[in-house]
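Dear colleague,

Please find below the structure that I am handing over to you, together with its sequence. My notes on it follow directly after.

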Amino acid sequence: MYLKDLKFSLWADFIERNYLDNEFKELIEQGIINGATSNPAIFKNAILSSDAYKEQLSTLASLTPKEKYEALAIYDIQKAADILKPLYDAGDDGYVSIEVDPYLCDDAMATIAEGKRLFETIGRKNVMIKVPATDAGYVAMRELVSNGIPVNATLIFKKEQAVLCAEAFREGAAKNAGEVDTVISVFVSRIDRALDEVLAKNGVDVALSGIYNSANIYAEVQKMGVKGCRTLFASTGVKDDSLPPYYYIEKLLAYNSVNTAPVDTIKAFHLNPKKESALPIPTQIIEGHFEKIKSLGIDFSAVLDKQISDGLKSFKDAFKDILESL
């Protein structure tokens, strides 16, 4: 783990074939990261912008676009899992995540079938199947965990989503003989990007809504105490140049948590000397901030609902772009 005393891990939110053969290994050897995550947008950027996939693609001409995508993605996930395996064997995370087809987000049975198939095809124990936190997703999470498959619940913006994920993990693990590792991926910076312009115009502190929302969710997940389940803070890259690049990692540094971030963000945090626990945040501070938001006539719950739907759409769009290009 990056900070053993806090049980805090850093995972790289990036996958690309040349990177896996080079910088990825270096970051692991230096003790900076101990896991990795991917999503359709990450694979879109990798597959469509890197020459590293051309040779394998030339052998896949007879396959459908989705079969081609899976062949490319599975190869990368297997490679990453093999590189991370010594960490996994030592009990130091060592996980890499792959997301199910985002177009299955409202079909529990199809998500379960694809999650099982991907896990079996990849054939590595240190792979997490990433499932969006939808009504169908909670059903799929429960079933996958009951089969001993590690799950990364993704696109969490609301406490209610996190609770349903944790309950699914608890119920799934109860049907499985052993403990199953899971993470609840809470998205952070997108909330600030949605609100900060309005807040700034009205004299409300910016770059805090995502942090306070995430802190609330983290506290709830910790309170539930589901074995093997941790909060993972995602969407922690900084788009505002007025903030330090490591801002969302530093402000959400917490016991028994994971932060997945772009590689440059992780490097900046590694060089930052301040590495102190930032959570929990006093309830009155969090509530005071959201009262200010409410006083402006902003329905924060509606803001989060839009982020969930926008997030699903962005993953679907990225997946569609990949398939159309193949």
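Leaving aside its neighbours within four places in sequence, with which residues is Asn272 in contact? In this predicted model, the partners of Asn272 outside that sequence window are Tyr246 and Glu250. Asn272 belongs to the loop between α12 and α13, and it counts as buried because its relative accessibility is 7%, under the 20% cut-off. Its side chain also has a polar atom 3.2 Å from the backbone oxygen of Lys274.

The loop between α12 (263–271) and α13 (283–295) also holds Pro280. The peptide bond that leads from Leu279 into Pro280 is cis, with omega near 5 degrees. As background, most peptide bonds are trans.

**Asn259 in strand β8**

A second asparagine that deserves a look is Asn259, located in strand β8 (residues 257–261). With a relative accessibility of 0%, Asn259 counts as buried. The side chains of Asn259 and Thr236 make a polar contact at 2.9 Å. Beyond four places in sequence, the contacts of Asn259 comprise Phe8, Ser9, Leu10 and Trp11, together with Phe233, Thr236, Tyr248 and Ile249.

**Helix α14 and its packing against α5**

Helix α14 covers residues 300–325. From first C-alpha to last, its 26 residues reach 37 Å, close to the 38 Å expected at 1.5 Å a residue. At the N-terminal end the helix is capped by Asp299, which places a side-chain oxygen 3.2 Å from the backbone nitrogen of Ser301.

The buried residues of α14 are Phe300, Val303, Leu304, Gln307, Ile308, Gly311, Leu312, Phe315, Ala318, Phe319 and Ile322. When reading that list, it helps to recall that an α-helix has 3.6 residues a turn, so residues three or four places apart point the same way.

How does α14 pack with helix α5 (residues 65–89), and at what angle? The two helices meet at about 105 degrees, their axes lying 8 Å apart. That angle makes α5 roughly perpendicular to α14. On the α5 side the contact is made by Pro65, Lys66 and Tyr69, and on the α14 side by Phe319, Ile322 and Leu323. Sorted by class, this contact has five nonpolar residues, no polar ones and one charged one. Two of the α14 residues named here, Phe319 and Ile322, also appear among the buried residues of that helix.

Lys316 is likewise part of α14. Its relative accessible area is 22%, so Lys316 is partly exposed. Apart from neighbours within four places in sequence, Lys316 is in contact with Pro102, Tyr103 and Cys105. The C-alpha atom of Lys316 is 28 Å from that of Asp93, and the two residues are 223 residues apart along the chain.

**Positive phi values**

Asp93 itself has a phi near 55 degrees, a positive value in a residue other than glycine. Asp93 sits in the loop between α5 and β3 (95–99), and at 8% relative accessibility it counts as buried. For context, most residues other than glycine have a negative phi.

Ala207 is not a glycine either, yet has a positive phi of about 60 degrees. Its place is the loop between α9 (189–201) and α10 (209–224). Ala207 counts as buried, since its relative accessibility is 2%.

**Helix α10**

Is α10 mostly covered or mostly open? It is mostly covered, as 12 of its 16 residues are buried. These are Ser209, Gly210, Ile211, Tyr212, Asn213, Ser214, Ala215, Ile217, Tyr218, Glu220, Val221 and Met224. The helix reaches 23 Å from its first C-alpha to its last, close to the 22 Å expected at 1.5 Å a residue. Just after α10 comes Gly225, with a positive phi of about 60 degrees.

**Met109 in helix α6**

Finally, Met109 is found in helix α6 (residues 108–122). With a relative accessible area of 57%, Met109 is exposed. Met109 and Leu6 are separated by 103 residues in sequence and by 38 Å in space, C-alpha to C-alpha.

With kind regards

How values were computed:
Residues are numbered from 1 along each chain as its sequence is written. This is a predicted model: local features need pLDDT of at least 70, side-chain atom pairs count only at pLDDT 80 or more; totals for chains, interfaces and linings use all residues. Side-chain values use heavy atoms; hydrogens and water are left out. Helices (H or I, at least four residues) and strands (E, at least two) are DSSP runs, numbered from the N terminus. Buried means under 20% relative accessible area, exposed over 50%, partly exposed in between (1.4 Å probe, protein chains only). A polar contact is a pair of N or O atoms within 3.5 Å; within protein, one must be able to donate a hydrogen and the other to accept it, and residues adjacent in sequence count only if both atoms are side-chain atoms. Contact means heavy atoms within 4.5 Å. Axes are lines fitted to C-alpha atoms, for helices over the stretch in contact, and angles run from 0 to 180 degrees between N-to-C directions. Angles under 35 degrees count as roughly parallel, over 145 as roughly antiparallel, 65 to 115 as roughly perpendicular and the rest as oblique. Ala, Val, Leu, Ile, Met, Phe, Trp, Tyr, Cys and Pro count as nonpolar, Asp, Glu, Lys and Arg as charged, and the others, Gly among them, as polar. The expected span of a helix is 1.5 Å times one less than its number of residues.
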